[in-house]
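Visitor: Before we begin, I would like to see the structure, and then to ask how each label attached to it is justified.
Guide: Here it is, and we can take the labels one at a time.

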Amino acid sequence: MIDRAILETAAAAIASADSLALACHIGPDGDALGSMLGFGIAAENAGKKVVASFGTPFAVSASLAFLPTRLLVPPQEFPANPPMMVVFDAGSQDRLGELAENASRAVTTIVIDHHITNEGFGDIAVVDDQAAATGELVAYLMEILGWPLTPEIATCLHTALVTDTGRFQYGNTRPSTLMLAAGLVAAGADPPEISRHVYEETPFGYLKVAGAALGRAELDVDKGVVSAVVTQTDLSEAGIDWGDIDNLINTVRLAVEADVAVLAKVHADGKVKLSLRSRGATDVGSLAVAMGGGGHRLAAGITYVGSVEDALDEVRQRVEDYR
């Protein structure tokens, strides 16, 4: 559990600041965006000047567009030398994209994160790999600051919890996580609405892309790895973006014969982004670190420079070392 003294140190620094520049990792998921926006709205309600952003591509995925995004500004409008920058859900500074430079120039940088692979960057690191989500740490920090929950803030933080616990199905769901979720619902979060937006709405093109990717799925029974590939061409032909397929890995991981599931996303620039999930026997977080990525024990990601075939072959070759 996070040392309360660190939370209090961060809270004191934030309380003394007149303005806050908030950033989260590129391609933000529900935890990154929900944590940042929930905290930002609370800070604004406390009378602080707040801007929030994330690195290119600067686009909120359709499944998260229901969140209040009024604080967001494009990265080029983000303060170049912020007096105080607060970073959410980023395990390393390079996960901020071009905003990594802003973090380097900030007078004070506070990092709020729960990745076990966090590199410990920033001046004040509020990092707890036992937290179910970064949103959980934000809730604790807000409590110390005395910032009240509103329905908007509760919606943001509940979205953070829901997405990073897989709707409270993953092993990172603890009694304290459910107690926090209950408090957020009491404060105005609407679980059916959040679940509908995040999990039950998708453009029709997603079905086309999912069909193409699942048609290419491969199972290595000996290694216990199931994999599927999505290309930029798949998305272009279906008229959707990368953010529209965030949940596809959850379909790939259904194959009961595999402990590890991999979704390989081949981008237009040739880079291959791998999403990894484990049923429990394999530490995909450590595997990802070995390949230049990071994440959690059961969920991680890698950006691979090379062919998609080589990327998947390397995962298969390494997987038994982390089991």
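Visitor: Why is the contact between Glu-152 and Arg-70 called a salt bridge?
Guide: In this predicted model, the closest N and O atoms of Glu-152 and Arg-70 are 2.8 Å apart, and since the cut-off for a side-chain nitrogen of Arg and a carboxyl oxygen of Glu is within 4 Å, the pair counts as a salt bridge. Glu-152 sits in helix H5 (residues 151-164), whereas Arg-70 belongs to the loop between strand S2 (49-54) and strand S3 (84-88), so that this contact links distant parts of the chain, 82 residues apart. Glu-44 also belongs here, being linked with Arg-70 and Glu-152 in a network of salt bridges, and the structure as a whole holds 11 salt bridges.

Visitor: Are Glu-152 and Arg-70 buried or exposed, and how do you know?
Guide: Buried means under 20% relative accessible area and exposed means over 50%, with partly exposed in between. Glu-152 has 31% relative accessibility and therefore counts as partly exposed, and Arg-70, with a relative accessible area of 48%, is likewise partly exposed.

Visitor: What makes the contact between Glu-218 and Arg-316 a salt bridge, and which parts does it tie together?
Guide: The N to O distance between the side chains of Glu-218 and Arg-316 is 3.5 Å, which meets the requirement of being within 4 Å. Glu-218 lies in strand S6 (residues 218-220) and Arg-316 in helix H12 (residues 308-318), so the pair ties together parts that are 98 residues apart in sequence. Glu-218 is partly exposed, because its relative accessible area is 47%, whereas Arg-316, at 14%, is buried.

Visitor: Which residue of helix H12 also meets Arg-316 in a salt bridge, and how are the two placed along the helix?
Guide: The side chain of Asp-313 meets that of Arg-316 at 3.0 Å, N to O. Asp-313 and Arg-316 are three residues apart in helix H12, and therefore about one helical turn separates them. Asp-313 is partly exposed, with a relative accessible area of 34%.

Visitor: Why is strand S4 described as largely enclosed?
Guide: Six of the six residues of strand S4 (residues 108-113) are buried, so the rest of the structure largely encloses this strand. In a regular strand the side chains alternate between the two faces of the sheet. For S4 both faces are covered, since Thr-108, Ile-110 and Ile-112 on one side are buried, as are Thr-109, Val-111 and Asp-113 on the other.

Visitor: How do you know that S4 pairs with S3 and with S5?
Guide: Pairing requires at least two bridges between the strands. Five bridges join S3 to S4, and the two run parallel, with Val-86 standing opposite Ile-110. Four bridges join S4 to strand S5 (residues 124-127), again in the parallel sense, and there Val-111 stands opposite Ala-125. Together with helix H3 (residues 99-105), S3 and S4 make a right-handed β-α-β unit.

Visitor: Which strands stand at the edges of the six-stranded sheet, and what makes them edge strands?
Guide: The six strands form an open sheet in the order S6-S7-S8-S9-S11-S10, with mixed pairing. S6 and strand S10 (294-295) each have a single partner strand, so one side of each is left without a neighbour in the sheet, and they stand at the edges.

Visitor: What makes the pairing mixed?
Guide: S6 and S7 run antiparallel, joined by three bridges, whereas S7 and S8 pair in the parallel sense over seven bridges. Strand S9 (residues 271-278) and strand S11 (residues 299-305) are antiparallel, also with seven bridges, and Leu-274 has Ile-302 in S11 as its bridge partner.

Visitor: What covers this sheet, and how many residues of S7 are buried?
Guide: Helix H12 lies across S6, strand S7 (225-231), strand S8 (260-266), S9 and S11, running at about 30 degrees to S9. Within S7, six of its seven residues are buried, and the strand is described as mostly covered.

How values were computed:
Residues numbered from 1 in each chain as written. Predicted model: local features only at pLDDT ≥ 70, side-chain atom pairs only at ≥ 80, totals over all residues. Heavy atoms only, no water. Buried < 20%, exposed > 50% of the residue type's maximum accessible area, 1.4 Å probe, protein only. Right-handed = clockwise from strand over helix to strand, strands pointing away. Contact = heavy atoms within 4.5 Å. Axes fitted to C-alpha atoms, helices over the stretch in contact; angles between N-to-C directions.
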